[in-house]
Amino acid sequence: MTVYAYVDGPLGEMLLVGQLAGGGRVALRSLSLPGQKGAVGVEDGWTLAPEAFADVAGQLSEYFAGRRDRFDLPLATDAGTDFQRRVWQALEEIPYGTTVSYGEIARRIGSAGAGVRAVGTAIGRNPLLVVRPCHRVIGADGSLRGYAAGLERKERLLGLEGALG
(Lines give C-alpha, C1' and ligand atoms only; values in the text may rest on other atoms or scores of the structure.)
Protein backbone atom coordinates (compact mmCIF):
# COMPACT_ATOMS: atom_id res chain seq x y z
CA MET A 1 0.00 0.00 0.00
CA THR A 2 1.36 3.41 -0.96
CA VAL A 3 1.10 6.00 1.80
CA TYR A 4 2.07 9.66 1.92
CA ALA A 5 2.35 12.62 4.23
CA TYR A 6 3.38 16.25 4.16
CA VAL A 7 6.05 17.48 6.58
CA ASP A 8 7.09 21.10 7.04
CA GLY A 9 10.78 21.92 6.99
CA PRO A 10 13.16 24.78 6.35
CA LEU A 11 13.22 23.97 2.62
CA GLY A 12 9.43 24.05 2.35
CA GLU A 13 6.66 21.50 2.70
CA MET A 14 8.12 18.07 1.90
CA LEU A 15 6.01 15.33 0.34
CA LEU A 16 6.97 11.92 1.74
CA VAL A 17 5.83 8.79 -0.11
CA GLY A 18 6.39 5.22 1.00
CA GLN A 19 5.32 1.63 0.94
CA LEU A 20 3.78 0.25 4.10
CA ALA A 21 5.91 -2.66 5.29
CA GLY A 22 5.61 -5.15 8.12
CA GLY A 23 5.21 -3.90 11.66
CA GLY A 24 3.64 -0.65 10.50
CA ARG A 25 6.99 0.68 9.27
CA VAL A 26 7.17 2.49 5.99
CA ALA A 27 9.87 2.05 3.34
CA LEU A 28 10.50 5.58 2.08
CA ARG A 29 10.14 5.78 -1.70
CA SER A 30 10.27 9.52 -2.32
CA LEU A 31 10.96 12.85 -0.65
CA SER A 32 9.98 15.80 -2.84
CA LEU A 33 10.28 19.54 -2.28
CA PRO A 34 8.03 22.31 -3.64
CA GLY A 35 9.00 23.34 -7.16
CA GLN A 36 11.37 20.42 -7.55
CA LYS A 37 12.13 19.28 -11.07
CA GLY A 38 10.55 15.83 -11.52
CA ALA A 39 8.73 15.98 -8.18
CA VAL A 40 6.24 13.26 -7.36
CA GLY A 41 2.58 14.20 -7.00
CA VAL A 42 -0.04 12.40 -4.97
CA GLU A 43 -1.81 9.76 -7.04
CA ASP A 44 -5.27 8.20 -6.84
CA GLY A 45 -5.33 5.24 -4.50
CA TRP A 46 -2.62 6.53 -2.18
CA THR A 47 -3.49 6.86 1.50
CA LEU A 48 -2.71 9.92 3.61
CA ALA A 49 -0.96 8.46 6.67
CA PRO A 50 1.13 11.02 8.58
CA GLU A 51 1.50 8.63 11.52
CA ALA A 52 3.38 6.15 9.29
CA PHE A 53 6.07 8.78 8.73
CA ALA A 54 6.66 9.77 12.37
CA ASP A 55 10.19 8.29 12.38
CA VAL A 56 11.05 9.91 9.03
CA ALA A 57 9.73 13.29 10.19
CA GLY A 58 11.65 13.01 13.47
CA GLN A 59 14.93 12.20 11.75
CA LEU A 60 14.45 15.03 9.25
CA SER A 61 13.77 17.44 12.13
CA GLU A 62 16.97 16.30 13.89
CA TYR A 63 18.96 16.70 10.66
CA PHE A 64 17.70 20.23 10.04
CA ALA A 65 18.43 21.12 13.68
CA GLY A 66 22.04 19.93 13.24
CA ARG A 67 21.59 16.96 15.60
CA ARG A 68 21.74 14.16 13.00
CA ASP A 69 24.34 13.51 10.34
CA ARG A 70 23.02 10.22 8.96
CA PHE A 71 19.56 8.80 8.31
CA ASP A 72 18.59 5.35 9.55
CA LEU A 73 15.42 4.64 7.59
CA PRO A 74 14.11 1.74 5.54
CA LEU A 75 14.21 2.81 1.90
CA ALA A 76 12.27 1.33 -1.00
CA THR A 77 14.71 -0.56 -3.21
CA ASP A 78 12.67 -1.12 -6.35
CA ALA A 79 13.06 2.32 -7.93
CA GLY A 80 15.48 3.12 -10.75
CA THR A 81 17.64 1.18 -13.14
CA ASP A 82 20.62 -0.90 -12.03
CA PHE A 83 22.92 1.97 -13.04
CA GLN A 84 20.86 4.54 -11.12
CA ARG A 85 20.85 2.33 -8.02
CA ARG A 86 24.67 2.05 -8.19
CA VAL A 87 24.93 5.83 -8.39
CA TRP A 88 22.44 6.30 -5.56
CA GLN A 89 24.36 3.82 -3.39
CA ALA A 90 27.51 5.88 -3.98
CA LEU A 91 25.60 8.98 -2.83
CA GLU A 92 24.69 7.26 0.43
CA GLU A 93 28.39 6.70 1.11
CA ILE A 94 29.36 10.39 0.96
CA PRO A 95 30.05 11.47 4.56
CA TYR A 96 28.15 14.33 6.16
CA GLY A 97 29.91 17.66 5.81
CA THR A 98 31.92 16.63 2.73
CA THR A 99 31.48 17.00 -1.00
CA VAL A 100 32.65 15.00 -4.00
CA SER A 101 32.60 15.73 -7.71
CA TYR A 102 30.41 14.09 -10.31
CA GLY A 103 33.61 12.64 -11.79
CA GLU A 104 34.52 11.09 -8.45
CA ILE A 105 31.13 9.39 -8.24
CA ALA A 106 31.63 8.09 -11.79
CA ARG A 107 35.06 6.74 -10.81
CA ARG A 108 33.69 5.08 -7.68
CA ILE A 109 31.09 3.13 -9.66
CA GLY A 110 33.50 2.29 -12.49
CA SER A 111 32.02 4.66 -15.05
CA ALA A 112 34.71 7.35 -15.42
CA GLY A 113 35.18 9.49 -18.52
CA ALA A 114 32.06 9.76 -20.65
CA GLY A 115 30.07 8.22 -17.78
CA VAL A 116 30.15 11.50 -15.86
CA ARG A 117 27.16 12.82 -17.80
CA ALA A 118 25.19 9.61 -17.15
CA VAL A 119 26.08 9.90 -13.46
CA GLY A 120 24.75 13.46 -13.43
CA THR A 121 21.50 12.29 -15.01
CA ALA A 122 21.12 9.47 -12.47
CA ILE A 123 21.78 11.88 -9.61
CA GLY A 124 19.12 14.21 -11.03
CA ARG A 125 16.62 11.36 -10.82
CA ASN A 126 17.31 10.62 -7.15
CA PRO A 127 13.83 10.31 -5.63
CA LEU A 128 15.03 10.82 -2.05
CA LEU A 129 16.31 14.37 -1.76
CA VAL A 130 18.01 15.22 1.55
CA VAL A 131 17.90 11.60 2.78
CA ARG A 132 20.05 10.32 -0.10
CA PRO A 133 22.52 13.23 -0.15
CA CYS A 134 22.82 14.21 -3.81
CA HIS A 135 23.35 17.77 -2.57
CA ARG A 136 26.91 16.72 -1.62
CA VAL A 137 27.91 16.31 -5.28
CA ILE A 138 29.52 19.39 -6.86
CA GLY A 139 31.38 20.33 -10.01
CA ALA A 140 35.04 19.35 -10.48
CA ASP A 141 35.96 23.03 -10.05
CA GLY A 142 34.15 23.20 -6.69
CA SER A 143 31.12 25.03 -8.06
CA LEU A 144 27.56 24.15 -7.15
CA ARG A 145 25.93 22.43 -10.08
CA GLY A 146 22.51 20.95 -10.66
CA TYR A 147 20.03 20.21 -7.91
CA ALA A 148 16.47 19.21 -8.74
CA ALA A 149 15.12 21.44 -5.97
CA GLY A 150 17.26 24.44 -6.92
CA LEU A 151 20.81 25.57 -6.22
CA GLU A 152 19.74 27.82 -3.34
CA ARG A 153 18.48 24.74 -1.47
CA LYS A 154 21.64 22.81 -2.29
CA GLU A 155 23.69 25.68 -0.90
CA ARG A 156 21.53 25.79 2.22
CA LEU A 157 21.97 22.04 2.85
CA LEU A 158 25.73 22.22 2.36
CA GLY A 159 25.86 25.24 4.67
CA LEU A 160 23.92 23.34 7.33
CA GLU A 161 26.49 20.55 7.08
CA GLY A 162 29.44 22.94 7.20
CA ALA A 163 30.59 21.80 3.77
CA LEU A 164 30.94 25.20 2.13
CA GLY A 165 34.48 26.54 1.96
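Reader: Let's start with enclosed space: how many cavities of 30 Å³ or more are there?
Author: Keep in mind that this is a predicted model. A cavity here is a spot where a 1.4 Å probe fits but cannot get out. With 30 Å³ as the lower limit, the count comes to 1 cavity.

Reader: And how much space lies in that largest cavity?
Author: Its lining includes Leu28, Trp88 and Pro127. By class, that lining has 6 nonpolar residues, 2 charged ones and no polar ones. The space in the largest cavity comes to about 40 Å³.

Reader: Which residues make up the charged part of the lining of the largest cavity?
Author: Asp, Glu, Lys and Arg are what count as charged, and the lining of the largest cavity has 2 charged residues. Go through the lining list, which also has Ala76, Ala79 and Leu128 in it, and you'll find Arg29 and Arg132.

Reader: On to the open sites. What volume does the largest pocket have?
Author: The largest pocket has 26 lining residues. They split into 11 nonpolar, 10 polar and 5 charged. As for volume, the largest pocket has about 550 Å³.

Reader: Which element gives the most to the lining of the largest pocket?
Author: Strand S3 (26–32) and helix H4 (115–124) each supply at least two residues of that lining. Thr121, Ile123 and Gly124 are among the residues nearest the pocket centre, and H4 spans 115–124. The top contributor, with 6 residues, is H4.

Reader: How does the lining of the second largest pocket divide by class?
Author: That pocket has a volume of about 210 Å³. Among its lining residues are Asp69, Phe71, Glu92, Ile94, Val130 and Arg136. The tally is 5 charged, no polar and 7 nonpolar.

Reader: Val130 has an odd backbone, I gather. What is its phi?
Author: Val130 sits in the loop between H4 and S6. With 1% relative accessibility, Val130 counts as buried, because the cut-off is under 20%. Its phi is positive even though the residue isn't a glycine, with a value near 75°.

Reader: Is His135 buried or exposed?
Author: His135 is in the loop between H4 and S6. Skipping neighbours within four places in sequence, His135 touches Tyr63, Val130, Tyr147, Lys154, Leu157, Leu158 and Glu161. Its relative accessibility is 0%, so His135 counts as buried.

Reader: Which residue does Glu161 pair with in a salt bridge?
Author: Both partners in this pair are buried. Glu161 lies in the segment after helix H5 (151–160), and its partner is in the loop between H4 and strand S6 (137–138), so the pair ties together parts 25 residues apart in sequence. The closest N and O atoms are 2.8 Å apart, and the partner is Arg136.

Reader: How far apart along helix H3 are Arg108 and Glu104?
Author: The side chains of Arg108 and Glu104 form a salt bridge, 2.9 Å from N to O. Arg108 has 40% relative accessibility, so it counts as partly exposed. H3 covers residues 102–108, and the pair is separated there by about one helical turn, because the two are apart by 4 residues.

Reader: What about Glu62: how far apart are the closest N and O atoms in its salt bridge with Arg68?
Author: This is one of 9 salt bridges found in the whole structure. Glu62 counts as partly exposed, because its relative accessibility is 28%. For Glu62 and Arg68, the closest N and O atoms are apart by 2.8 Å.

Reader: How far is Ser32 from Gly12 in space?
Author: Ser32 is in strand S3, and Ser32 is buried because its relative accessible area is 4%. Outside its neighbours within four places in sequence, Ser32 is in contact with Glu13, Met14, Leu15, Ala39 and Val40. Ser32 and Gly12 are 20 residues apart in sequence, while their C-alpha distance is 9.8 Å.

Reader: Last one: which residues does the UniProt domain annotation cover?
Author: The unreviewed UniProt entry labels this domain "Methylguanine DNA methyltransferase ribonuclease-like". In the model, the end C-alpha atoms of that span lie 12 Å apart, and the span is 15% helix and 28% strand. According to the record, the domain covers residues 3–76.

Definitions and conventions. Residues numbered from 1 in each chain as written. Predicted model: local features only at pLDDT ≥ 70, side-chain atom pairs only at ≥ 80, totals over all residues. Heavy atoms only, no water. 1 Å grid on protein atoms, 1.4 Å probe; cavity = no way out; pocket = protein on both sides within 12 Å on 5 of 7 lines; lining within 4 Å. Points joined across faces, edges and corners; volume = space filled by probe spheres on them. UniProt positions renumbered as here; feature names shortened; annotations may be inferred. Salt bridge = Lys/Arg side-chain N within 4 Å of Asp/Glu carboxyl O. Buried < 20%, exposed > 50% of the residue type's maximum accessible area, 1.4 Å probe, protein only. Contact = heavy atoms within 4.5 Å.
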